[in-house]
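Student: Could we go through this one together, chain by chain and then where the chains meet?

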Amino acid sequence: MAQNMKAVKLRMKSIQSTRQITNAMGLVAASKLRKAKDKADAALPAFKILRRTLNNIADSNKDFTSPYTRPGRSGKWCFAVIAGDRGLAGGYNANLFRYVAARTEGKDCVFLPIGNKAVEYYTKRGAAMADRQFSEAADISISECFDIARYLCEKFKEGEFGHIALCYTEFENMLTMKTKDIPVLPLSDFAGEQDEDEETVRRIIEYKPGPEEVFNAIVPEYVSNIVYSAVCESLASELAARRNAMDAATKNAEEILEKLELSYNRARQASITQEITEIVAGASD
Amino acid sequence: MANTFQLRVVSLDGVQFTGAVQSVSCRAIDGDLAILAQHRNYITAVGMGTAVIVTEDGTEKRAACIGGMLSMIDNQCSLIVTTWEWDSEIDVDRAERAKERAEDALRDLNISEKDYKLASARLRRALVRLNTAG
């Protein structure tokens, strides 16, 4: 009995320290989340407006061609996959990879993993990767996003990829995160998707110095903008997912502790009863 | 008012400005330009330079504006930029230090092409900031 009690006590101790860790991780994620959320919120309007503007341009202009508006020459897809740097975030990474796998099925594609977990995942799988240097999603800077964007645009212009899409996790609220993919290049890939409340008017727009030059200057900017916003969103989602996972783990630890406490008390009671029985039995002799 | 138009300045750090303005000027990739009300539909790419906004009541606001695009469509102007710093927000000491560091780097004759590009971009940004602030 005493041995049983000791074992239960030991388990309780180990669970208590695990609870402490998960609790701390949850708190850290929650405080980081606030910062990440602010960053994601700040980047959102620029992203939306830029996308709408480019949408308009792509829609109302059929009279010029830029290498970015033409449908890609090759059938190859490039998927930039933005995942987390670390695990222990519930289904965050796994959901994303499952989603990407479903989206890329049957397509000839190359991956550009962003975030340590994505790099690991595609390395393990031996998938074709464009570049694996972007293994830090957490503190990606705008200039790094520019590097990614320049790289993608370059490859697109060279014709190595025919389509470029971005997979990330959209942060909706603390409890819902949505895995999403958005087409990035060519611009004709998303020319059709219009906001419903916005009428499509074909406008005559003047491009200075010329449509080609404008596009060539703006598109890398736009791509880096998308990448940056998506990374911010993903980061917020990752932290929210981690916070939720850690909350659940802490709650679970508490439940187990409660059960163990009960069985510990029961064991203690049993050993006391046994002792009394033994004493009484000894006394009556 | 007929001679004003709506301007919206958005950077990656959030919406920087919205409101009616008389004019906005900035540096595009092919030189300085200013937009007034009723400008024809116009799109250009923005380079690095000082942007000046003249608001409805005639006050002038200056900012260091780096990279992005300007679109004027149906008398609604959007300036979407990578970074946008109002002159009051610019840390002059920091820009000064960045300028010196970049100049030091450029003095080195054995600099690699990539570093050269990086340093000269830094120098240009620092100069834009200093010009805007001073």
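**Chain B, the interface and a helix pair**

Tutor: Sure. Chain B has two helices and six strands, and keep in mind that this is a predicted model.

Student: In what order do the elements of chain B run from the N terminus on?
Tutor: Chain B has six strands and two helices to place. Reading from the N terminus on, the order is β-β-β-β-β-β-α-α.

Student: What does the C-alpha trace of chain B span along its principal axes, and what share of its residues count as buried?
Tutor: Along those axes the trace spans about 55 × 25 × 25 Å. A residue needs 20 or more other C-beta atoms within 10 Å of its own to be called buried. Of the 134 residues in chain B, the share that passes is 31%.

Student: Which element of chain B gives the most to the side that touches chain A?
Tutor: The contact takes 23 residues from chain B and 23 residues from chain A. On the chain B side, the elements giving two or more residues are β1 (5-11), β2 (14-28), β4 (42-55), β5 (60-73) and β6 (76-86). The one that gives the most, with five residues, is β5(B).

Student: And how does that side of chain B divide by class?
Tutor: Chain B puts 23 residues into the contact. By class, they come out as eleven nonpolar, nine polar and three charged.

Student: Which residue of β4(B) is the bridge partner of A:K208?
Tutor: Look at strand β5 of chain A, residues 206-208. Three bridges join that strand to β4(B), and the two run parallel. In β4(B), the partner of A:K208 is B:T44.

Student: Over in chain A, what is the orientation of α4(A) relative to α5(A)?
Tutor: Helix α4 (residues 142-158) and helix α5 (residues 211-284) of chain A pack with their axes 8 Å apart, at an angle of about 125 degrees. An angle over 145 would count as roughly antiparallel, and 65 to 115 as roughly perpendicular. The angle here falls in neither range, so α4(A) is to α5(A) oblique.

Student: Is the crossing of α4(A) and α5(A) left-handed or right-handed, and how do the contact residues divide by class?
Tutor: The crossing is right-handed. Among the residues making the contact are A:I142, A:F146 and A:L152 of α4(A), and A:V219, A:V223 and A:Y228 of α5(A). Also in the contact are A:R150 of α4(A) and A:S224 of α5(A). By class, the contact residues divide into twelve nonpolar, one polar and one charged.

Definitions and conventions. Residues are numbered from 1 along each chain as its sequence is written. Chains are lettered from A and ligands numbered from 1 in the order in which they are written. This is a predicted model: local features need pLDDT of at least 70, side-chain atom pairs count only at pLDDT 80 or more; totals for chains, interfaces and linings use all residues. Two residues are in contact if their C-beta atoms, placed from the backbone, lie within 7 Å. Helices (H or I, at least four residues) and strands (E, at least two) are DSSP runs, numbered from the N terminus. Ala, Val, Leu, Ile, Met, Phe, Trp, Tyr, Cys and Pro count as nonpolar, Asp, Glu, Lys and Arg as charged, and the others, Gly among them, as polar. Two strands pair if DSSP finds at least two bridges between them. A residue is buried if 20 or more other C-beta atoms lie within 10 Å of its own, exposed if 12 or fewer, and partly exposed in between; C-beta atoms are placed from the backbone. Axes are lines fitted to C-alpha atoms, for helices over the stretch in contact, and angles run from 0 to 180 degrees between N-to-C directions. Angles under 35 degrees count as roughly parallel, over 145 as roughly antiparallel, 65 to 115 as roughly perpendicular and the rest as oblique. A crossing is left-handed if the near helix is turned anticlockwise from the far one by less than a right angle, and right-handed if clockwise.
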